[in-house]
Amino acid sequence: MSHIKIKALGVYHPSHSLDNEYYVRHFDERGKDIRRFMEHMGRRQRYIIDDPNENGLTMGIAAAQKALEQAGMTGRDVDMIVFSTQVPESLFPMNALFVHHAIGARHDVAVMDSNANCAGMTVAVDQASRSMLSNPDVRTALIIGSDYNSLISGPEDEITYANYGDAACAVILERTEEDTGFIDSMYFTDPVNIDKILYPAQGLAATLQRNAPGKYIQWLPFDANMALPPTFDLLERILKKNGLSPQDVRAYCLSQFSLANVLKIRDHLELEDAQMIYVGDRYGYTGTSSPFIALHEGIESGRIRRGDYVLFWTIGAGYQLVAMLFKY
């Protein structure tokens with residue numbers, strides 16, 4: 001029986017780093033004290049693009065090249081390329097086609113861009129894994145998550161401007177006969193907040209045709225805690241369905257949007273600190289790639305080893321929840 005395993009990962013971030021002091025001073029000058037907010041979100045520093053030659057696509061290509069090097073592969077070894085982003089550098093052609101060109105992939109490779117907002121890379125890995133299980137011709141897939149978040153974060157909005165960072169992660173999926181890899185996924189979708197996080201705020205047509213304001217994300221207030229009860233239910237159901245207890249999972253690679261949410265999930269499932277992989281203090285919130293940068297950190301630090309169960313969870317704007325279970 002075939003399985004789909006995570007063969008290798010690569011992470012790329014810009015060299016320019018900003019700490020909380022920069023943002024505290026920035027918002028102090030605007031009469032906003034964000035110190036408590038930074039503590040709640042668990043931020044300490046984040047990487048920000050300051051090179052005009054760098055963007056979400058270049059970050060994604062760099063992460064892909066690191067993943068291929070880690071796997072001992074070349075672009076000729078890849079059967080599918082998926083580029084997940086909510087800040088595409090190009091709509092025509094798709095970003096995945098630029099990756100195909102950069103890594104020298106073959107002509108018989110499927111390429112596509114995908115977007116499920118911050119849940120995007122988790123959804124892409126889930127859907128690629130399921131596609132590979134049903135298509136024996138696809139033995140390897142390169143999944144990239146890259147968001148140039150600071151590009152669309154307004155300097156007057158602390159929720160985005162002070163919270164986000166720029167980074168990319170790439171994952172190599174490989175078909176194997178080993179008893180490992182992708183196990184299951186579950187979704188919860190409720191568009192109750194569909195009008196709270198908007199970009200472009202008034203839609204693409206109004207922005208292009210009527211010059212509507214739309215340079216930055218429009219983030220309107222909403223109760224973020226409303227996503228926690230369905231999150232708890234989702235995580236408990238995927239574990240129960242697969243005969244696991246919360247303690248059987250070695251590492252929880254969750255959305256890095258908020259440290260407070262990570263701790264609430266830890267407390268609800270009665271987990272140990274060692275099971276929670278948190279990198280939001282060093283990277284800021286990197287959007288689509290954040291659970292996989294946590295996975296990379298867990299592997300590099302030795303906290304995640306081959307054969308360990310890893311549970312991913314993330315949330316997309318609007319909102320959509322995704323839980324995905326792997327044996328690494």
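Helix 5 (residues 120-134) runs for 15 residues, and its first and last C-alpha atoms sit 21 Å apart, close to the 21 Å expected at 1.5 Å a residue. That expected span is 1.5 Å times one less than the number of residues in the helix. Helices here are DSSP runs of H or I with at least four residues, strands are E runs with at least two, and both are numbered from the N terminus.

A word on the ground rules: this is a predicted model, so local features need pLDDT of at least 70 and side-chain atom pairs count only at pLDDT 80 or more, while totals for chains, interfaces and linings use all residues. Residues are numbered from 1 along each chain as its sequence is written, and side-chain values use heavy atoms, with hydrogens and water left out.

Back to helix 5. Its buried residues (buried means under 20% relative accessible area, exposed over 50%, partly exposed in between, with a 1.4 Å probe and protein chains only) are Gly120, Met121, Thr122, Val123, Ala124, Val125, Asp126, Ala128, Ser129 and Met132.

Helix 3 (residues 56-71) gets a similar check. Its 16 residues should span 22 Å at 1.5 Å a residue, and the end C-alpha atoms are 23 Å apart, so expectation and model agree. The buried set of helix 3 consists of Gly56, Leu57, Met59, Gly60, Ile61, Ala62, Ala63, Ala64, Ala67, Leu68 and Ala71. What do these buried residues pack against? Their partners are strand 1 (3-12), strand 4 (80-84), helix 4 (95-103), strand 6 (140-147) and strand 7 (167-176). Packing is judged by contact, meaning heavy atoms within 4.5 Å.

**The whole chain**

Zooming out, the protein chain has eleven helices and 13 strands. A compact globule of 328 residues would have a radius of gyration near 20 Å, and the chain has 19 Å, which agrees. The radius is taken over C-alpha atoms, and the globule rule is 2.2 Å times the number of residues to the power 0.38. If you prefer a box, the C-alpha atoms fill one of roughly 60 × 45 × 35 Å along the principal axes.

Of the 328 residues, 56% count as buried. Among contacts with a separation of 6 or more, 78% come from residues 24 or more positions apart. The chain exposes about 14,400 Å², with carbon and sulfur atoms supplying 51% of that area. Those areas come from the Shrake-Rupley method with a 1.4 Å probe, and for residues, only the protein chains shown count as cover.

Then there are the charges. The mean positions of the 30 positive and 41 negative charges are 2 Å apart. Lys and Arg count as positive and Asp and Glu as negative, while His and the chain ends are not counted. Each charge is placed at NZ of Lys, CZ of Arg, CG of Asp or CD of Glu.

**Backbone oddities**

Some spots to look at if you care about torsions:

| Site | Feature | Value |
|---|---|---|
| Phe92 and Pro93 | cis peptide bond | omega about -10 degrees |
| Tyr199 and Pro200 | cis peptide bond | omega about -10 degrees |
| Asn211 | positive phi, not a glycine | phi near 55 degrees |
| Glu270 | positive phi, not a glycine | phi about 55 degrees |

Where do these sit? Pro93 is in the loop between strand 4 and helix 4, and Pro200 is in the loop between strand 9 (197-198) and helix 7 (204-210). Asn211 belongs to the loop between helix 7 and strand 10 (218-219). Asn211 counts as exposed because its relative accessibility is 68%. Glu270 is found in the loop between helix 9 and helix 10 (280-283), and its relative accessible area of 65% makes it exposed.

**Around helix 9 and on to the C-terminal loop**

Glu272 also lies in the loop between helix 9 and helix 10. With a relative accessible area of 55%, Glu272 is exposed. The C-alpha atoms of Glu272 and Gln247 are separated by 8.3 Å, with their places 25 residues apart along the chain. Buried or exposed, how does Ala260 count? Ala260 counts as buried because its relative accessibility is 12%. Ala260 is part of helix 9 (residues 259-268). Its C-alpha is 5.8 Å from that of His40, although Ala260 and His40 are 220 residues apart in sequence.

Gly307 lies in the loop between helix 11 (290-300) and strand 12 (309-316). Gly307 is partly exposed, given a relative accessible area of 39%. Leaving aside residues up to four places away in sequence, Gly307 touches Lys327 and Tyr328. From Gly307 to Phe326, 19 residues apart along the chain, the C-alpha separation is 9.3 Å.
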